[in-house]
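Subject: Model for your files

Hello,

Please find the model below, with my notes after it. The notes begin with the chain as a whole and then turn to the DNA.

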There are 2 protein chains.
Amino acid sequence: MKTREKIIQTALDFFNKKGYANVGVREIARSLGISPGNLSYHFSKKEDILFVLAKQHSLTNDQSFEDFLEKEATLENFLVLMMSILKSQYLHRGALLELSLIAADIQTDDRLNYTETSRRRQATLKNILELLATNGHLKASASDIQFLISFLKLFARFSMQEAFLLDSFREEKEVISYYLNMLAIQMALFATAKGKRSIERFRSKYLTE
Amino acid sequence: MKTREKIIQTALDFFNKKGYANVGVREIARSLGISPGNLSYHFSKKEDILFVLAKQHSLTNDQSFEDFLEKEATLENFLVLMMSILKSQYLHRGALLELSLIAADIQTDDRLNYTETSRRRQATLKNILELLATNGHLKASASDIQFLISFLKLFARFSMQEAFLLDSFREEKEVISYYLNMLAIQMALFATAKGKRSIERFRSKYLTE
DNA sequence: GTCTATAAGACGATAGAC
DNA sequence: GTCTATCGTCTTATAGAC
């Protein structure tokens with residue numbers, strides 16, 4: 001693995017374990033057996049590592065959305081999509097948590113076009129929900145869809161942070177199951193009989209112990 | 001106002017505006033016209049200011065819960081309770097955001113008994129929802145109530161953070177209305193006809209433009 | 001690309017005079 | 001309670017050898 005890749009990976013490990021603010025660049029360098037100067041060569045600012053990690057997460061999510069759109073628009077596949085997103089959230093939690101704090105800077109920063117990305121995501125989400133409605137999986141009015149979008153935005157952005165905040169000791173699998181179950185219940189409230197069966201298929205595949 | 005009080009107030013203003021990590025103790029002192037040493041006399045650690053603010057928020061919430069329990073258990077009053085909580089969240093957002101980050105430390109810290117408080121809150125929430133069910137406002141099974149608790153935990157803890165992160169430009173009133181409307185829709189999904197009327201009363205009193 | 005060495009500047013925190 | 005002065009540590013940046 002290239003040094004640059006190793007820095008990214010090690011930094012994420014430390015951020016997840018100790019929190020961004022409590023990790024020094026010296027510490028990352030020492031743990032890799034390289035000099036701080038060398039780390040500076042690859043990332044002149046500590047914050048730059050953060051943005052690379054956020055970008056990585058964003059690209060992973062793009063891929064998850066693409067994967068969904070290539071398949072049939074069912075609630076089962078939708079839950080698979082959300083599972084991928086939550087897994088990436090979990091993986092990048094130390095970076096995403098910190099990103100919330102420099103929110104003011106983010107919005108005018110061009111390394112991540114943050115507001116544009118979240119606008120795009122919201123439009124994609126709306127398309128997906130409407131697709132699920134036409135496919136007979138959701139019985140949702142326009143205002144129901146608006147509500148679900150509000151819910152999903154909050155859910156996708158913060159559920160892993162809640163897990164990290166309150167129960168940092170829990171295993172990934174346990175955490176993800178908890179939130180996917182919550183999501184399944186919410187979606188079932190707006191699902192048709194066909195949609196409910198699709199949710200049950202997801203449940204039996206991924207949520208059984 | 002005493003110096004100590006002025007420090008707390010000014011610190012919160014700065015935290016809300018720039019984020020905890022981007023505010024120095026020197027900056028707070030300068031804006032108050034006192035020396036950094038004097039600020040250190042009142043708060044030996046910057047973190048201590050954070051904990052005072054968090055405690056302030058927690059006590060405000062305690063009061064909101066007490067107020068609710070003295071009134072009739074209706075969905076209208078429940079939404080009023082949540083409105084109070086959201087307002088305090090909004091007021092303390094700069095501090096609460098940062099608190100997420102030192103979560104690991106918090107759990108073993110005795111300045112805030114964090115895990116105990118959240119356990120207590122969850123029990124209170126469960127009681128309230130069960131009260132609403134017996135009062136004929138909610139038609140919710142035991143598992144429905146479990147779901148609502150999961151939702152409300154996430155909602156109460158992170159909705160204001162979402163607002164702060166994505167739309168820091170919006171006014172308090174606008175932000176609160178958006179989330180109260182979202183909450184009203186969620187509760188209506190489990191409400192009886194009587195409960196729905198109670199929600200509508202809340203809506204007409206507080207959510208009209 | 002990688003290293004050593006080092007300096008600048010900001011920060012939280014502390015010591016001691018008044 | 002309030003001040004000035006200072007310490008130690010951190011990020012960031014740069015110069016120059018290999």
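**Chain A and its DNA contacts**

Chain A exposes about 9800 Å², and carbon and sulfur atoms supply 52% of that area. Accessible areas come from the Shrake-Rupley method with a 1.4 Å probe, and for residues only the protein chains shown count as cover.

This is a predicted model, in which local features need pLDDT of at least 70 and side-chain atom pairs count only at pLDDT 80 or more, while totals for chains, interfaces and linings use all residues. Residues are numbered from 1 along each chain as its sequence is written, chains are lettered from A and ligands numbered from 1 in the order in which they are written, and side-chain values use heavy atoms, with hydrogens and water left out.

Chain A has 11 helices and zero strands (DSSP runs numbered from the N terminus: helices are H or I, at least four residues; strands are E, at least two). The C-alpha trace of chain A spans about 60 × 40 × 30 Å along its principal axes. Of the 209 residues in chain A, 53% are buried (under 20% relative accessible area, with exposed over 50% and partly exposed in between; 1.4 Å probe, protein chains only). Taking contacts in chain A between residues at least 6 apart in sequence, 74% join residues at least 24 apart; a contact means heavy atoms within 4.5 Å.

Chain A carries 29 positive and 25 negative charges, and their mean positions are 1 Å apart. Lys and Arg count as positive and Asp and Glu as negative, with His and the chain ends not counted; the place of a charge is NZ of Lys, CZ of Arg, CG of Asp or CD of Glu.

**Strand C**

There are 17 residues around DNA strand C, and those that come nearest are Thr3(A), Asn38(A), His42(A), Ser40(B) and Lys46(B) (a residue is near a strand or molecule if one of its heavy atoms lies within 4 Å of it). Sugar or phosphate accounts for 60% of the strand C atoms within 4 Å of the protein, and bases for the rest.

Polar contacts here are pairs of N or O atoms within 3.5 Å; within protein, one must be able to donate a hydrogen and the other to accept it, and residues adjacent in sequence count only if both atoms are side-chain atoms. Phosphate oxygens of strand C lie 3.4 Å from a backbone N or O atom of Ser35(A) and 2.8 Å from a polar backbone atom of Val25(B). A base nitrogen of strand C is 2.8 Å from a polar side-chain atom of Arg26(B). Two or more residues of the surface near strand C come from each of α3 (36–42) of chain A and α2 (25–32) and α3 (36–42) of chain B. The largest share, four residues, is from α3(A).

**Strand D**

Of the 15 residues around DNA strand D, Gly24(A), Arg26(A), Lys46(A), Ser35(B) and Tyr41(B) come nearest. Here 62% of the strand D atoms within 4 Å of the protein belong to sugar or phosphate.

Phosphate oxygens of strand D lie 3.2 Å from a side-chain N or O atom of Thr3(B), 2.7 Å from a polar backbone atom of Ser35(B) and 3.0 Å from a side-chain N or O atom of His42(B). The elements giving two or more residues to the surface near strand D are α2 (25–32) of chain A and α3 of chain B. The most, four residues, come from α3(B).

**Helix α2(A)**

Glu27(A), Ile28(A) and Ala29(A) are buried in α2(A), and their cover includes α1 (3–18) and α3 of chain A. After α2(A) comes Gly33(A), with a positive phi near 70 degrees.

Regards
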